[in-house]
Amino acid sequence: MTIKRLCVFCGSSPGSRPDYARAARELGALLARRGIGLVFGGGKVGMMGQLAQAALENGGEVIGVIPRDLYDRNVAFSGLTDLRVVGTMHERKALMAGLADGFMALPGGLGTLEEIFEILTWAQLGMHQKPCGLLDIAGYFTPLLRFLNHVAEQGFIDPPHRAMILSAEFPGDLLRQFENYKPIVADKAEWALGLTES
Ligand code: AMP
């Protein structure tokens, strides 16, 4: 699958280990070098700011999508290739989803988790066929990935949908998985009906 633009969800904080921001900068530079545009939340703070800064410094295209209230609070990154100011968080996510060919989460908090899980939910309902994954920097997502295995083992995620959640420790490895990704065809509604009827 060709990735022309990648949407990255990540923390508005830098986190407590320098590895996180380092990896955000590494990903930003890698995307720019590979000619892959970055779509992100438009903030200048934390992981977001590091990621966007590195992509811009390396000549990359960076599109920020930010809701009006955050923009008015002066947290937007200035000097992006393009900054789209939208009315609501819902509009923001829909626009980010439309602009990108894949979705990656880097370490972050509630905002990051909510964003990647909503995109994964849309994928399992067949609303898009784009690759989604977690960049497991310094093992940050390992407990979550383990929990997702538990969720699948307990019958709440269809195994093909669990397999749809890509992960790797290094940006280049995860990007390669995105490029080799074959969309999953298993339908969530049919799987749930099958469980009910058997
Ligand atoms: P969190 O992981 O809770 O820090 O939230 C980060 C995610 O929420 C990002 O992917 C953004 O889309 C959004 N977000 C949270 N805070 C900001 C901010 N100050 N500026 C722009 N976007 C933000």
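Trainee: Into how many nonpolar, polar and charged residues does the lining of the second largest pocket divide?
Mentor: Good place to start, and keep in mind that this is a predicted model. The second largest pocket holds about 180 Å³ of space. Among the 13 residues that line it, Phe117, Gln124, Leu148, Ile157 and Ile165 are the closest to its centre. By class, the lining divides into eight nonpolar, three polar and two charged.

Trainee: Which element gives the most to the lining of the second largest pocket?
Mentor: Three elements give two or more residues to that lining: α5, α6 (142–153) and α7 (159–163). The one that gives the most does so with four residues, and that is α5.

Trainee: Happy with that one! What is the volume of the largest pocket?
Mentor: This pocket is the space taken by the ligand. The largest pocket has a volume of about 290 Å³.

Trainee: Which residues that line the largest pocket are the closest to its centre?
Mentor: Let's begin with the make-up of the lining, which has eleven nonpolar, eight polar and four charged residues. That lining has 23 residues, and those closest to the centre of the pocket are Cys10, Ser12, Met48, Arg92 and Gly111.

Trainee: And which element gives the largest share of the lining of the largest pocket?
Mentor: The elements with two or more residues in this lining are β1 (5–9), α4 (89–99) and α5. The largest share is five residues, and it comes from α5.

Trainee: Now the ligand itself. Which helix gives the most to the shell around the ligand?
Mentor: The ligand has 18 residues around it, and Ser12, Arg92, Gly109, Thr112 and Glu115 come nearest. By class, this shell has eight nonpolar, eight polar and two charged residues. The helix that gives the most spans residues 110–124 and supplies four residues: α5.

Trainee: Which residue has a side-chain N or O atom 2.7 Å from an oxygen atom of the ligand?
Mentor: Two side chains are worth a look here. For Arg92, the distance from a side-chain N or O atom to a ligand oxygen is 2.9 Å. The 2.7 Å distance to an oxygen atom of the ligand belongs to the side chain of Ser12.

Trainee: How much of the area that the ligand exposes when taken alone does the protein bury?
Mentor: The backbone takes part in the contacts too, since a polar backbone atom of Leu110 lies 3.5 Å from a ligand oxygen, and 3.5 Å is the cut-off for a polar contact. Taken alone, the ligand exposes 480 Å². Of that area, the protein buries 86%.

Conventions:
Residues are numbered from 1 along each chain as its sequence is written. This is a predicted model: local features need pLDDT of at least 70, side-chain atom pairs count only at pLDDT 80 or more; totals for chains, interfaces and linings use all residues. Side-chain values use heavy atoms; hydrogens and water are left out. A residue is near a molecule or strand if one of its heavy atoms lies within 4 Å of it. A polar contact is a pair of N or O atoms within 3.5 Å; within protein, one must be able to donate a hydrogen and the other to accept it, and residues adjacent in sequence count only if both atoms are side-chain atoms. Accessible areas come from the Shrake-Rupley method with a 1.4 Å probe; for residues, only the protein chains shown count as cover. On a 1 Å grid over the protein atoms alone, a cavity is a set of points where a 1.4 Å probe fits but cannot get out, and a pocket is an open set with protein on both sides within 12 Å along at least five of seven lines; lining residues have an atom within 4 Å of a point. A molecule sits in a cavity or pocket if more than half of its atoms lie within 2 Å of its grid points. Ala, Val, Leu, Ile, Met, Phe, Trp, Tyr, Cys and Pro count as nonpolar, Asp, Glu, Lys and Arg as charged, and the others, Gly among them, as polar. Grid points are joined across faces, edges and corners, and a volume is the space filled by probe spheres set on the points.
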